[in-house]
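Reader: Got a minute? I'd like to go through this structure with you.
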Amino acid sequence: MCISFVQLSAQTLSQMEPLSINEGLPFRDVTSIAQDSLGFMWFGTSQGLIKYDGYSYKQYNSDPNNPNFISKEILTRHNTLYHHPNFIWYVANNTLFRLNIENDVIQKFDEKQGIKGGVIELHIDQKKQVWIVSENHWTSDKTNTQQYLQKLDTQNTFQLIDSVKRAKREFTKLVSDGNHNLWWTTIQGGTRCYTEKGNLQTIYNLEWWDHLKESTSTQTTILPSSNKLLDKIQEEPINADTNYGGNVFFDAKNTGYFFPINGGIYKRDSLSEQTLKILDTSENITNAIEDLEGNLWFAGDVFLYKMDRDGKVTDVSMTMQEVLDFTSIKQFFIDHDGLLWVATDNGLVKINIQPNVFKQLFRSDEKGWGNSMRSIFETQDGRVIAMCERDKILVVFDERGNQLKSLELWGTYPKTVNPLFGARFFTTDLNEEYVYTVNESLVRIRLKDGHTTIFPEFTSRLNITGPNPITTLKDGRLLFGFTLSKLTLFDPVTGKSELVFKGNSYENILHLRYFLESEQPNRIWIGTINDGLLKVNLDGTVEKHYHIGSNPPLNNNNIMTIHESEDSSLWLGSFGGGLAHLFPDEKRILMYTTEQGLANNNVVGILPFDRDYLVISTYQGLSLFNSELETFQNFFEEDGLTHNEFNYTSFLKARNGRYFMGGMNGINQFNPEDLVEKVSVRPLRFTALTRYNTKQNDVLVTDFTYKNPEPIIISPYDQYFQLNWTIPSYFKNHANQYVTKLEGFEKSWFFQGTNPYVRYNRLPAGDYVLNVKNLEENNGFQENTLQIPISVRPIFYKTWWFILLCLLSIASIIYGLYRLRVRQLLAVERLRLKISSDLHDDLGSMLSGIAMQSELLEVKANKDEKSKLQMIARLSRDAISSMRDLVWSIDNRRDRTQDLLERMEELAEELLLPKGIRFHIEKEALNLNKKLSVTIKQHIFFIYKEAITNVIRHSNAKNVWLKVANINGKGFISIRDDGSCFKVKKSTGLGTSNMKLRAKEIGATIEFQQENGYEIKIELPFIV
C-alpha cells in the first residue's frame, strides 16, 4: 500500500553538516563521491577531482601550473567515481582514467584497451569487477549510434558484453543487486539484467514501465518472468522524455525499487516478483541508497526522503535546505562510519545516521515545552504510569511503551477538585494496589479503577507549593512532610500516623525535597532545598548533616535526587552543583560538573545500570556516567530525546530492564545497554610535512597520506617544520582536540586544541618520536596513538664524520708537527753530539798542547818568563776543565740522573781532594735512570760547580757534604761545608747571582744559609 510521509523535525539540523566553499571546498558542484581504503574522501566535480582528509583539500585539474595536473577534468553526474584497491577510477570528458592514489600516476583507457567510443557510465560491483557503458555517438553518422556494455578482463582490456541502439537521449544507468547481477537501464533497449559473467537474463521493456507508471492502484502487479526474454525491443516512443524508467535500486535484502519517470517508488519482491507502489509522489527519483541502520534514502533534484525500517517515510528536504542551499542532488554515498554524504550543485551535506535508541512516549509536536511529565511508577501487571503535569492526568503505557487509555480518577470529592493538582511525587504501596501522592492533602488512588480518596487531615503538614516528597518504606508505612517538624509516618493499613520529631529538642529544617530509605534499618536520607543532606533516624534524631560547611563539604546545599550504592556511598544530584559522590564513613567526597563532562550541573535523576554506570538526567541532556573510568557520554534532542530538559521525580527503572525518564515534553524509554558507546576508533593518519628550507629559500610540502611513517629526515637548513595529521571520520571532525608529546625533547603532553598539526623551530639534531592522541570530549585519551619517527640531521660541521675528519686532520697535523719536532730534536742532538765531540777532540787537543808546550818552555825559561808560562799553562788547564764541563753538559749520551751524580763526584775529586777537603755524598729515593733535559742538567751542574768553587776560594772547610733526594714528588739538593768564610780580596764575580738565575730558569728555589758552615739548598719542582 502507499505510505504517506511527514516533515522531519528541526532537531535533525544538529545531525547535518555542510561542506561547501565556505568550508574550503575548492569547487561547489559535486557530482560523485568515493572513499579509499584509508578512509580519505574523493569528490568528482565539473572542475576536476578533489581529495579530502577532513581538514585540507588536494585538487586535480587541468591547470598547467597545478602539480596535480590531469588532462581531463569534467566529471559529470552519471560518470560515477569509484575506489578500487590502490586506485580511483573516474570518467572525465567521456574518457576513463585510473589514478594510483599512492604515487598519483594516471592511466588512460581508450580504444587501445578495447573501449568503443566515449565512456558515459562507470560501475564497479561488489566483486570489484569494472563495467562501463560507452557509445560511438561522437564518431558515427548518427544513424547507427550504439551504446556498448563492456567489462574489464584480467588482461586489463575491455570486452564487449552487449549493445543497444542509442536513443536521442543518452540516458543509461548501471547497478548491481544482491545476487551480483548487473542491471543496465537504457531508453531504447529497456532495463536489462545480466549475470556477473555478463550473460543476459531478462529485459524489461517500455511496455512494462508504462504499466508500472500508470498503475495507481494499491494492488500488486506481476513483473515479467525472469526467464522471459524479449526478442525485439521496441523503438523509442516519441514522448521518451516522460516514458523511460529512470533508475533501479536494490537494498541489502535484494529487494528491488523502481522509479518511473513520472514519479513514485515501486517495490519489487525478489521471490514473488510482485511490485507495490510504496510512495505516491510526482517527483522523479534519481538517487537511492541504504544506510547502515537499514534506512532507505531517496532523492530527486530538490527533495530528499528517508524511509525507516518500519516503512515510515520522512521528508528531509526542507531541513537539508536549511543546512545548504542547493538546486540539484547529484549522488549519495555512505562512508566507513555510516555517514551519509549527499552531493549537490552547491557542495555536500553530511548526515549523521543515529540509531534510534530512545523511544519517545507522549511527546507533543508543539514547540517549546509540551507534555511536561512528573513522577513515573510501575504497576503489578507491568504497566507504567506517569503524570502529565500540564493536563493533570495519569498517562498509562504497557510494558513495551505503547500508550494505553489514561487512568481516570473518580471519588467522593467535589468535581471541581483535581486530586493531581500540585502533585509531584507518587509512590505505590507494597502490594502495588494503590498509589499515593501529596499536594495540600494525602491522596490515594486505586490503580485498578482510578478510585481516589483524599485525606484532608494532613493538610497542616503539607505545602502545595513545595516539592512535598513522599516515599513508601520497606515496612509499608508512608513517609511525607514539608519540614522536619511535620515529617509524618503513616500506616495505610491501620490508618495511624505519627510525627517523626516530637518536642523541640531539634532544629527545624524547612523545604524538604527528596526522600531515600537507607539500607541501614530505620534510617532515611533527606535532600533539602537550602540545608544540604540529612541522615535521619526515624526515632526522631538527625544523625548526620552534610552541607557546604561540613566535613566533607558539599558544593551545593540544594539536593534534588539521591542514590545509595551497594558500598553505602551516596550519589547526590544538586541544583547547580552537579553530581557528588559522598563516602560518609571515609569523610570524603568527589565532585563532577560540566568541566568533567557532565551534560549539565542541574541533576534531577540518578538510576544505576550494571555495576559501573549511572544514568543521569539533567536540565540539559542525559548523561551516561562510567564511574570506574569517570567518563561521560551525553545525549540530547538530536540523539532522539523528546526534550533536553528533564524533571526531578520523573524517572523509573522498570522490572523488565527498561528505563523511563520524563521531562518537559514526554518520556524517553530506552535500554541503557544501547547507550554504551560501541564505535570503532578511527586511527590517526599522518598526512603532510611542511618545512621552510633556508638553503632553497622555499616552503617544501610533502604528502605522506599513503606513506608509512618511516623516519622523517629534517635538514639542518630547515628553519622550521610542521607535521599534519587527521582522523578519517568526518562528522563534526573540526571539534576534535589533540595532544602531542615529542619523545626525546618533551617530557609531558602538550595541548594543541583543534589544530591538526604541530610546528617545531630549529629542533636540535637527534632522533625523536612524535606521539599524537585525540582528546575526547570526556577528557580521556583514545586508545590509538599516532607515532611519527623524526630524524633531525645536524649541520655538516656537527656531523660525526666531519668531526672525525677534523680530529683526524688535527691528529695528522699534530703527528706531522711531532715528527718535525722529533727530527729537529734529533738534529739538535746530533749537532750537540758533533759539537761536543769536536770540542773535546779538536779544541781539547789544542788546549792540552798549549799547556804542555808552556810546561816544556818553563824548564828552560828564566824566572820572569817562567811565571808567565806557568800562568799560560794554568789557564790552559782551566780552559780544558771548563771545556770538559761544557762538553759533558751538552752531550746527549750523558742525560740520566746517574750521569749527573757521577759527574758531580768526579768534579769533587778533581777540585776538593787536591785541597785536602773530604767529600761526602748522600742519595735518597732517586730515580737514577730518569732522563734530564740538557737545560736542567746544565743548570744543576753549574750551580753545583759554582758552590764547590766557592768552597775552595772562600772557605777553610775540611768537609763538603752533597745530598740529593726526592721527597713528596719534588727534588731536593743540598751542598754544605763545615768551614767559615774568610775575607778575601773583593771579587768581581757573579757566582751567587748566577746561581739564582740558573735556579729560576728551571723553576727551582734556592736558599743560602750560613750557620756552622755554609749551605746551599735547592728545591726542584720535579723529581731527579
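Author: Sure, we can start with the whole protein and then go to single residues.

Author: One thing up front: this is a predicted model.

Reader: Fine. How many helices and strands are there in the protein?

Author: The protein has 7 helices and 71 strands.

Reader: And what share of the residues is buried?

Author: Of the 1024 residues, 52% are buried.

Reader: What about contacts between residues at least 6 apart in sequence?

Author: Of those, 53% join residues at least 24 apart.

Reader: Switching to the surface. How much area does the protein expose?

Author: About 49,600 Å². Carbon and sulfur atoms account for 49% of that area.

Reader: Which residues make the nonpolar surface patch of about 790 Å²?

Author: The patch is made by Phe-796, Tyr-797, Trp-800, Trp-801, Leu-804, Leu-805 and Leu-808.

Reader: Take Phe-796. Where does it lie?

Author: Phe-796 is in the loop between β66 (786-792) and α3 (800-860).

Reader: Is Phe-796 buried or exposed?

Author: Phe-796 is partly exposed. Its relative accessible area is 40%, and partly exposed covers the range between under 20% and over 50%.

Reader: New topic: Ser-364. Where is that one found?

Author: Ser-364 is in a loop too, the one between β31 (359-361) and β32 (373-378).

Reader: Why does Ser-364 count as buried?

Author: Because its relative accessibility is 8%, and buried means under 20%.

Reader: What does Ser-364 touch, leaving out residues up to four places away in sequence?

Author: Ser-364 touches Gly-370, Asn-371, Arg-390 and Asn-665.

Terms used
Residues numbered from 1 in each chain as written. Predicted model: local features only at pLDDT ≥ 70, side-chain atom pairs only at ≥ 80, totals over all residues. Heavy atoms only, no water. Helix = DSSP H or I, 4+ residues; strand = E, 2+ residues; numbered from the N terminus. Buried < 20%, exposed > 50% of the residue type's maximum accessible area, 1.4 Å probe, protein only. Contact = heavy atoms within 4.5 Å. Areas by Shrake-Rupley, 256 points an atom, 1.4 Å probe, with all protein chains shown as cover. Patch = residues over 30% accessible without salt bridge, like charges linked within 9 Å, V, L, I, M, F, W, Y side chains within 5 Å. Salt bridge = Lys/Arg side-chain N within 4 Å of Asp/Glu carboxyl O.
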